[in-house]
Amino acid sequence: MTDFVPLDELLPQAWGSRMKDASALLKGIDDHLLDQDINPSREFVFSALRCNPESIKVIILGQDPYPDSNHANGLAFSVPPKILNLPPSLRNIFKEYAADLTAPTPSTGDLSPWADQGVLLLNSALTCRPGESLSHSEIGWQNFTQALLEAVITPTTVGILWGRHAAKYRGLFSPDMRIESAHPSPLSAYRGFFGSRPFTRANELLLSKGITPVDWTLQSA
């Protein structure tokens with residue numbers, strides 16, 4: 001287990017200063033995490049927030065981190081660049097990516113190029129126990145995520161909501177700026193994720209508001 005650093009000290013100031021009750025919310029979560037190993041490790045819990053909140057124009061909202069400690073890196077759905085055996089959900093995202101954009105399948109599961117363009121890759125729960133999906137879905141992350149989204153969403157923010165956990169936050173987005181579908185996991189991808197065209201639809205919404213679209217292109221072989 002890594003040295004314990006309170007989550008409140010790890011939260012980037014640019015985000016904490018915008019949020020209501022961030023310190024209290026994180027203290028409550030930390031009370032549940034004492035003496036636990038977590039995915040991702042503490043230093044990466046807020047990797048998705050290492051950007052200026054003012055730059056966010058698209059939010060891709062998922063469920064919780066990958067249960068495999070080698071995969072979880074704090075960016076929802078992303079994995080470290082050297083990972084070759086991609087998680088099933090990410091493989092399905094890339095199937096839809098290739099179909100939607102008429103583009104080659106990416107050779108890397110690193111989605112940080114999206115984050116660099118103002119795409120917030122956020123899970124509704126920011127931690128889980130290694131090997132146990134949804135193990136931290138009821139320890140207070142939902143309230144933290146609610147406060148975070150309330151602090152950053154504007155009428156022109158595009159929300160890409162994948163799965164029922166993400167759908168709980170649909171009311172925070174303008175109705176005409178939401179793109180909703182099933183989660184890309186193998187259990188649900190065929191129930192509406194495939195064919196949902198989230199990437200081109202997001203850019204169409206951005207353009208309709210006079211906002212520069214996202215270059216979704218990722219490195220291919």
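The legends below describe close-up views of a predicted model of one protein chain.

**View 1. The whole chain, with its eight helices and four strands.** Followed along the sequence, these elements come in the order α-α-α-β-α-α-β-α-β-α-β-α. The radius of gyration is 16 Å, close to the 17 Å that the globule rule gives for 221 residues, so the chain is as compact as a globular protein of that length. Along the principal axes, the C-alpha atoms occupy a box of roughly 45 × 40 × 30 Å. Of the 221 residues, 52% are buried, and the accessible surface of the chain amounts to about 10,200 Å², with 51% of that area belonging to carbon and sulfur atoms. When contacts between residues at least 6 apart in sequence are considered, 67% of them join residues at least 24 apart. The chain carries 18 positive and 23 negative charges, and the mean positions of these two sets lie 7 Å apart.

**View 2. Strand S3, residues 158–162, and its two parallel partners, S1 and S4.** Strand S3 is mostly covered, with five of its five residues buried. In a regular strand the side chains alternate between the two faces of the sheet. In S3, Val158, Ile160 and Trp162 point one way while Gly159 and Leu161 point the other way, and all of these residues are buried. Strand S1, residues 58–62, runs parallel to S3 and is joined to it by four bridges, and within this pairing Leu61 stands opposite Leu161 of S3. Strand S4, residues 178–181, also pairs with S3 in the parallel sense, over four bridges, and here Ile160 stands opposite Ile179 of S4.

**View 3. Strand S2, residues 119–123, beside strand S1.** Five of the five residues of S2 are buried, so this strand is largely enclosed by the rest of the structure. Val119, Leu121 and Asn123 point one way from S2, whereas Leu120 and Leu122 point the other way, and all are buried. S1 and S2 are paired in the parallel sense over five bridges, and Asn123 in S2 is the bridge partner of Gly62.

**View 4. Asn39, in the loop between helix H3 and strand S1.** Helix H3, at one end of this loop, covers residues 22–33. Asn39 has a relative accessible area of 2%, and because buried means under 20%, Asn39 counts as buried. With neighbours within four places in sequence left aside, the contacts of Asn39 include Pro65, Tyr66, Pro67, Asp68, Ser69 and Ala72, and also among them are Leu126, Thr127, Cys128, Pro130 and Gly131. As a point of reference in the chain, Ala189 is 150 residues from Asn39 in sequence and 24 Å from it in space, C-alpha to C-alpha.

**View 5. Phe173, in the loop between helix H7 and strand S4.** Helix H7, which comes before this loop, covers residues 164–167. Phe173 is buried, with a relative accessible area of 2%. Leaving aside neighbours within four places in sequence, Phe173 is in contact with Ile59, Ile153, Thr157, Val158, Gly159, Leu161 and Arg178. Among these partners, Val158, Gly159 and Leu161 are buried residues of S3, the strand shown in View 2. Leu148 lies 25 residues from Phe173 in sequence, and the two C-alpha atoms are 13 Å apart in space.

Conventions: Residues are numbered from 1 along each chain as its sequence is written. This is a predicted model: local features need pLDDT of at least 70, side-chain atom pairs count only at pLDDT 80 or more; totals for chains, interfaces and linings use all residues. Side-chain values use heavy atoms; hydrogens and water are left out. The radius of gyration is taken over C-alpha atoms; the globule rule is 2.2 Å times the number of residues to the power 0.38. Buried means under 20% relative accessible area, exposed over 50%, partly exposed in between (1.4 Å probe, protein chains only). Contact means heavy atoms within 4.5 Å. Accessible areas come from the Shrake-Rupley method with a 1.4 Å probe; for residues, only the protein chains shown count as cover. Lys and Arg count as positive and Asp and Glu as negative; His and the chain ends are not counted. The place of a charge is taken as NZ of Lys, CZ of Arg, CG of Asp or CD of Glu. Two strands pair if DSSP finds at least two bridges between them.
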